[in-house]
Amino acid sequence: MCGIVGYIGERNAVDTIINGLSHLEYKGYDSAGIAVPQGAGVTIIRAVGKLDNLKEALSGKEIAATMGIGHIRWQAHTEVNAHPNRSDHIVLVHDGIVENYKELKDKLLNAGYQFQSDTDTEVITHLIHSMYKGDLSKAVYDAVAKVKGAYAVLAISTKEPEKLVAARRSSPLIIGVEEGGYIATSDIPAALEITRDFISLDDGDLALITPKNITIYDNTGKSIQRSTIHIDWDEEMAERDGFDDFMIKEIHEQPRTIMDTLRGKIIPDEGRIFLGELQELDVANLERIIFLACGTSWHASLLGKQFIERYAHIPVEVDIASEFPYRDLQLNKNTLCICISQSGETTDTKVAMRSALDKGAQVLAICNVVGASLAKESTYAIYTHAGPEISIASTKAFTSQALTILLIALWLGERRKVTDNKQIAEIFKDLMIVPERINAILEQKEAVKAVADQYKDSKNFVYLGRNLTAPIALEGALKLKETSYIHAEGYPAGELRHGPIALLDKTFPAMFLAPGIKVQESIFSILQEAKAKGGRVVAVFSEKDRDNHPECDHALFVPDCEVEEMAVFLTVVVAQLFAYYCAKGLGRDIDKPRNLSKAVI
Ligand code: M6R
């Protein structure tokens with residue numbers, strides 16, 4: 001996964017691009033590079049390792065350019081494989097994968113091109129060069145038409161100074177617009193110091209950008225207007241805000257992001273919900289809902305199943321997005337597939353969405369990143385408005401996703417006359433207190449840290465929940481394994497007796513998620529069994545059970561709730577904090593866990 005930034009305008013291009021790349025470091029950190037035209041030539045500087053190494057390579061060089069392109073990359077450990085790369089007068093950065101790389105490379109080799117790197121990107125660079133007949137944008141258009149796979153590219157030519165060409169298909173690329181220039185980048189935080197106004201390119205679009213103008217062409221080559229979206233995020237939202245890591249900052253943001261997700265969607269006292277995004281949906285004839293997602297978004301989907309079945313009485317399935325295209329399913333427009341993705345760019349989820357559309361279903365995308373591909377291609381789209389999530393470990397996106405699905409479940413239920421406004425108002429009454437309850441947990445985070453310190457050296461962990469907390473068990477285990485590298489599994493608690501209990505001993509602890517939910521008593525009995533068999537047990541209970549919970553080695557508590565669904569939002573925060581403090585205690589690179597990237601493209 002890579003991040004790209006291109007700038008053209010009145011600013012110093014090097015400073016603008018480096019600053020932009022610094023906000024994309026979460027995308028990749030094995031190499032970085034920059035190219036800026038200088039007179040009739042171009043200066044290209046690349047460095048292996050973190051962005052600081054590129055900054056070091058640039059230090060002392062006064063480069064007065066007002067346009068250029070930059071790149072930050074995951075999995076490029078040699079300078080030659082870092083971007084930008086060059087074919088004579090063409091210089092390019094690329095984010096994506098060229099699937100027909102071999103075939104294109106063979107043709108270019110036959111045409112006499114010599115390859116310097118092992119990258120698939122170099123194929124595009126030479127291809128543009130081979131098609132260049134005096135018009136950079138035409139050459140890029142013709143070249144990317146031959147590419148199979150995903151690309152977001154930024155290209156410049158020393159023969160056409162003052163032109164930046166940007167094109168995308170299946171990889172993210174947005175263009176920030178300001179009075180004196182344009183910044184093209186993979187993600188919004190890279191541009192926030194310059195602008196809040198963005199043009200989001202559609203799949204197949206190409207933009208020809210000069211210091212004062214932008215012209216966009218669609219995939220048929222027709223000049224087209226794309227609307228400008230205003231993003232409310234401020235710079236601080238994309239920064240660490242004084243926290244050690246983005247993960248802990250984003251955990252702390254949840255009281256606010258929960259309210260941001262709700263903003264404009266509800267009148268709490270009246271139990272009314274406004275989802276204008278779904279006004280065209282034929283709710284009465286909806287027969288079936290299928291959630292499609294990966295990772296944390298899949299765990300949010302598992303909660304979504306419970307919410308929708310409970311409040312709207314519609315049968316729900318949940319599929320791992322990467323498995324869905326292989327199912328033999330007969331769908332029609334009365335099936336709604338709900339694709340959840342924080343980034344909206346996860347390839348597995350996008351492929352599943354396209355498969356669902358091909359099979360005749362309608363698709364609702366729930367995304368956090370505004371203008372994401374998933375939102376653009378789906379039938380309906382709802383944004384979670386959790387703000388930029390930088391940490392690879394997803395936290396605030398999860399609570400916003402879960403809340404969005406709860407709203408959808410209640411909205412569907414109300415329209416199908418399964419749930420009435422009075423019931424919804426009761427739920428909202430408790431929901432409005434969730435932010436302050438999360439704050440109460442955050443104020444007690446040292447208690448979670450103290451317990452995490454006792455468990456951080458474990459090599460294995462099992463998380464157990466039932467009904468509403470079963471998805472939280474999966475999510476807690478994922479958070480722990482990806483941030484601390486402790487092997488952890490999540491199970492519905494009942495499954496413990498069907499095998500995993502054999503693993504439990506003093507070195508293999510279990511985390512029971514048993515806050516005040518209806519099935520709490522039944523989790524208690526499984527917990528007691530685990531303890532009786534010699535297991536080491538940590539558990540999350542409700543405050544009301546503080547003096548009266550089953551025996552365990554360590555207990556953590558969440559505030560009491562009237563509506564049991566609300567306990568989910570509190571329990572997951574404890575699981576997030578627990579994972580964070582285990583990882584912190586182990587000295588892990590929390591925001592950038594090894595082998596992972598923010599969006600799996
Ligand atoms: O952007 P998405 O929500 O589609 O991403 C899905 C997963 O890749 C993501 O949730 C991943 O599991 C996170 N690292 C979890 O913290």
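# Close-up views of a predicted model

**View 1. Strands β2 and β3 form an antiparallel pair joined by 8 bridges.** The strand β2 covers residues 31-38, and its partner β3 covers residues 41-48. Within this pair, A35 stands opposite I44 of β3. The two strands make a hairpin with 2 residues between them. In this hairpin, G39 has a positive phi near 60 degrees. As in the other views, the coordinates come from a predicted model.

**View 2. Strand β11 pairs with β9 and with β15.** The strand β11 spans residues 197-200 and runs antiparallel to β9, residues 174-178, with 3 bridges between them. On the β15 side, residues 228-230 also run antiparallel to β11, and 3 bridges join these two strands. F198 of β11 can be followed in both pairings. It stands opposite G176, and its bridge partner in β15 is I229.

**View 3. The peptide bond from H83 to P84 is cis.** Its omega angle is near 0 degrees. P84 belongs to the loop between β4, residues 67-73, and β5, residues 85-87.

**View 4. A ligand is surrounded by 14 residues.** The closest are S297, S341, Q342, T346 and E482. For Q342, a backbone N or O atom lies 2.7 Å from an oxygen atom of the ligand. A polar backbone atom of I392 is 3.1 Å from a nitrogen atom of the ligand. K479 takes part through its side chain, where an N or O atom is 3.0 Å from an oxygen atom of the ligand.

**View 5. H299 of helix α8 makes a polar contact with E475.** The helix α8 runs over residues 295-312 and includes H299. The contact joins the side chain of H299 to the side chain of E475, at 2.7 Å. H299 counts as buried because its relative accessibility is 5%, under the limit of 20%.

**View 6. Helix α11 is mostly covered.** The helix α11 consists of 20 residues, 396-415. Of these 20 residues, 18 are buried. At 1.5 Å a residue, α11 should span 28 Å, and its end C-alpha atoms are 29 Å apart, so the two values agree. E414 lies in this helix. Is E414 buried or partly exposed? With a relative accessible area of 26%, E414 is partly exposed, as this value falls between the limits of 20% and 50%. The C-alpha atom of E414 is separated by 32 Å from that of A440, a residue 26 positions apart from E414 along the chain.

**View 7. H385 and K417 have positive phi values in loops.** H385 is found in the loop between β22, residues 380-383, and α11. Its phi is about 55 degrees, although H385 is not a glycine. H385 is partly exposed, at 38% relative accessibility. K417 comes just after α11, in the loop between α11 and α12, residues 421-431. Phi of K417 is near 60 degrees, again a positive value in a residue other than glycine. K417 is exposed, because its relative accessible area is 75% and the limit is 50%.

**View 8. Y580 and Y581 form one aromatic pair of the structure.** The structure holds 7 aromatic pairs. In the pair of Y580 and Y581, the centres are 5.2 Å apart and the planes are at 75 degrees. Why is this pair called edge-to-face? The angle between the planes is 75 degrees, and an angle over 60 degrees counts as edge-to-face. Both tyrosines are covered: Y580 is buried at 3% relative accessibility, and Y581 is buried with a relative accessible area of 7%.

**View 9. Y455 belongs to an aromatic cluster and has a charge over its ring.** The cluster is made up of Y455, F461, Y463 and F578. The charged end of R536 sits over the ring of Y455, at 4.1 Å from the ring centre.

**View 10. K359 lies over the face of F324.** The distance from K359 to the ring centre of F324 is 4.9 Å.

Technical notes: Residues are numbered from 1 along each chain as its sequence is written. This is a predicted model: local features need pLDDT of at least 70, side-chain atom pairs count only at pLDDT 80 or more; totals for chains, interfaces and linings use all residues. Side-chain values use heavy atoms; hydrogens and water are left out. Rings of Phe, Tyr and Trp (its six-membered ring) pair if their centres lie within 6.5 Å; planes under 30 degrees apart count as stacked, over 60 as edge-to-face and the rest as tilted. Buried means under 20% relative accessible area, exposed over 50%, partly exposed in between (1.4 Å probe, protein chains only). A charge sits over a ring if NZ of Lys or CZ of Arg is within 6 Å of the ring centre and within 35 degrees of the ring normal. Helices (H or I, at least four residues) and strands (E, at least two) are DSSP runs, numbered from the N terminus. The expected span of a helix is 1.5 Å times one less than its number of residues. Two strands pair if DSSP finds at least two bridges between them. A residue is near a molecule or strand if one of its heavy atoms lies within 4 Å of it. A polar contact is a pair of N or O atoms within 3.5 Å; within protein, one must be able to donate a hydrogen and the other to accept it, and residues adjacent in sequence count only if both atoms are side-chain atoms.
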